[in-house]
Amino acid sequence: NPRLALAPIPSDPASPQASGLGYVEDATKVDKAKFARYADGQKCGVCALYQGGEGSEWGGCGIFAGQAVAAAGWCSAFAPKA
Ligand code: SF4
């Protein structure tokens, strides 16, 4: 399980914080009816809050302190990189 091999611990999509923000590890699976602000192409890897390096699959996030989010993921706090 690659989720367990990483440090920091990947954010659990089922946690209250993650589910409250609509976080998913696959941005193509965002519930678009619930999160109308989602637009195609948005994902953690191109979010201003993503702290992972270029090409990384997982990285820190300014919102999920001490955890890692998937570069391919998304949450409703998405903000495009300037
Ligand atoms: Fe991903 Fe950005 Fe949400 Fe963090 S704030 S989980 S990097 S979309």
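**Surroundings of the ligand and the nonpolar cores**

Cysteine 61 touches Leu49, Gln51, Gln67 and Val69, leaving aside residues up to four places away in sequence. The model is predicted, and Cys61 is a handy place to begin a tour of it, as this residue turns up in several of the groups described below.

Cys61 belongs to the largest nonpolar core, which has 10 residues in all. Its other members are Ala18, Tyr23, Cys44, Tyr50, Phe64, Val69, Ala70, Ala71 and Cys75. A second core, separate from this one, is made of seven residues, among them Val30, Phe35, Cys47 and Phe78. In soluble globular proteins, nonpolar side chains tend to be buried together.

Turning to empty space, one cavity of 30 Å³ or more is found in the structure. The largest cavity holds about 110 Å³ of space. It is lined by 14 residues, of which Cys44, Cys47, Cys61, Cys75 and Phe78 come closest to its centre. The lining comprises 13 nonpolar residues, one charged residue and no polar ones.

This largest cavity is also where the ligand sits. Around the ligand are Tyr23, Cys44, Cys47, Leu49, Tyr50, Cys61, Ile63, Phe64, Val69, Cys75 and Phe78. By class, this shell consists of 11 nonpolar residues, with no polar and no charged ones.

Technical notes: Residues numbered from 1 in each chain as written. Predicted model: local features only at pLDDT ≥ 70, side-chain atom pairs only at ≥ 80, totals over all residues. Heavy atoms only, no water. Near = heavy atom within 4 Å. 1 Å grid on protein atoms, 1.4 Å probe; cavity = no way out; pocket = protein on both sides within 12 Å on 5 of 7 lines; lining within 4 Å. Sits in = over half its atoms within 2 Å of the grid points. Nonpolar A, V, L, I, M, F, W, Y, C, P; charged D, E, K, R; others polar. Core = buried A, V, L, I, M, F, W, Y, C linked by side-chain atoms within 4.5 Å. Buried < 20%, exposed > 50% of the residue type's maximum accessible area, 1.4 Å probe, protein only. Contact = heavy atoms within 4.5 Å. Points joined across faces, edges and corners; volume = space filled by probe spheres on them.
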